[in-house]
Every structure is written in structure tokens, then in C-alpha cells.
Amino acid sequence: EVKKNVVFGRGAEPLAEEELERLEKLGKEVGAEYCHRCGYCMPCPQGIIIVGVMDLMRGQMLSPEMKKRAYNEVLKKRLKSDPANCEQCGQCVEKCPFNLPIPSLMQRAVELFGEN
């Protein structure tokens, strides 16, 4: 496996201008809110499964309806992980190596997916 990776690395070429522009655009869209799923933010004192909420927030393969259903039926009801319970204590932010604004992201998840 290492030998295959080395071969790949040796044949790497610089990105084309168009590829670089696409990556820069994506980076701006993702900004400082990209969760790397490291899990260092866990455990949350309120029992919120932060990584699961973040997965829903970026879940590009799911429709908005599917995200809302997963949020309300799986996260909140089945797993008892309700981002609305976030008390903004900041423990997760202190532990996050990427300094993500997790409490505000939890609030955004409530606004996007919560039952109205």
C-alpha cells in the first residue's frame, strides 16, 4: 500500500488553473465551519452528538426533507440528541482543534431542521 502511494506521489502534477480556482471557491463556501469529524468536541455535557449534527448540516447527498426527517426522527427522538439543548457553554469550542463556532452551528441546525 505504501509503495502504491509513493508511486502516486511521485507522479503528482501541479493543479491546473481551473482546478485551483474550483478548490479556492469550495474553500470559501466551506469557510471556517468545516467539521473534520475528529470527535474532539465530544462528549457534550448536554448529550448532543455534535458530529452527527454537523454531518446533517453538510450532507450534500440528502435532500432538505431527508435532512429534516433525520434530524427530528433519528437525532432528537431515537438518539435523544437535541441541538436545541445547547447551553452555549463553549466546552466543545475549547476542545475543537479547528476552533469551529459549534454553539452557533447547533443553533443554525435547530433553525434549519427543527420542527416548527
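The largest nonpolar core of this predicted model contains 20 residues, where a nonpolar core is a set of buried Ala, Val, Leu, Ile, Met, Phe, Trp, Tyr and Cys residues joined through side-chain atoms within 4.5 Å. Buried denotes under 20% relative accessible area, exposed over 50%, and partly exposed the range in between (1.4 Å probe, protein chains only). The residues with the most contacts inside this core are Ile50, Val53, Met54, Ile102 and Met106. At least two core residues are supplied by each of helix H3 (50-58), helix H4 (64-78) and helix H6 (102-113); helices are DSSP runs of H or I with at least four residues, numbered from the N terminus. H3 provides the largest share, 6 residues. For Met54, with neighbours within four places in sequence left aside, the contacts (heavy atoms within 4.5 Å) are Glu33, Cys35, Leu100, Leu105 and Met106.

Residues are numbered from 1 along each chain as its sequence is written. Local features need pLDDT of at least 70 and side-chain atom pairs count only at pLDDT 80 or more, while totals for chains, interfaces and linings use all residues, and side-chain values use heavy atoms, with hydrogens and water left out.

The structure holds 5 salt bridges, each defined by a side-chain nitrogen of Lys or Arg within 4 Å of a carboxyl oxygen of Asp or Glu. Glu33, listed above among the contacts of Met54, pairs with Arg108 in one such bridge, with the closest N and O atoms 2.9 Å apart. Arg108 belongs to helix H6 and Glu33 to the loop between helix H2 (17-30) and H3, so this pair ties together parts that are 75 residues apart in sequence. Both partners are partly exposed, with relative accessible areas of 34% for Arg108 and 33% for Glu33.

A further salt bridge joins Arg37 and Asp55, for which the closest N and O atoms are 2.7 Å apart. This pair also links distant parts of the chain, since Arg37 is in the loop between H2 and H3 and Asp55 is in helix H3, 18 residues apart. Arg37 is partly exposed at 43% relative accessibility, and Asp55 is partly exposed at 25%. Arg37, Asp55 and Arg58 are linked in a network of salt bridges.

Within helix H4, the side chains of Arg69 and Glu73 form a salt bridge with an N to O distance of 3.6 Å. These residues are 4 apart in helix H4, and therefore about one helical turn separates them. Arg69 is exposed, with a relative accessible area of 55%, whereas Glu73 is partly exposed at 40%.
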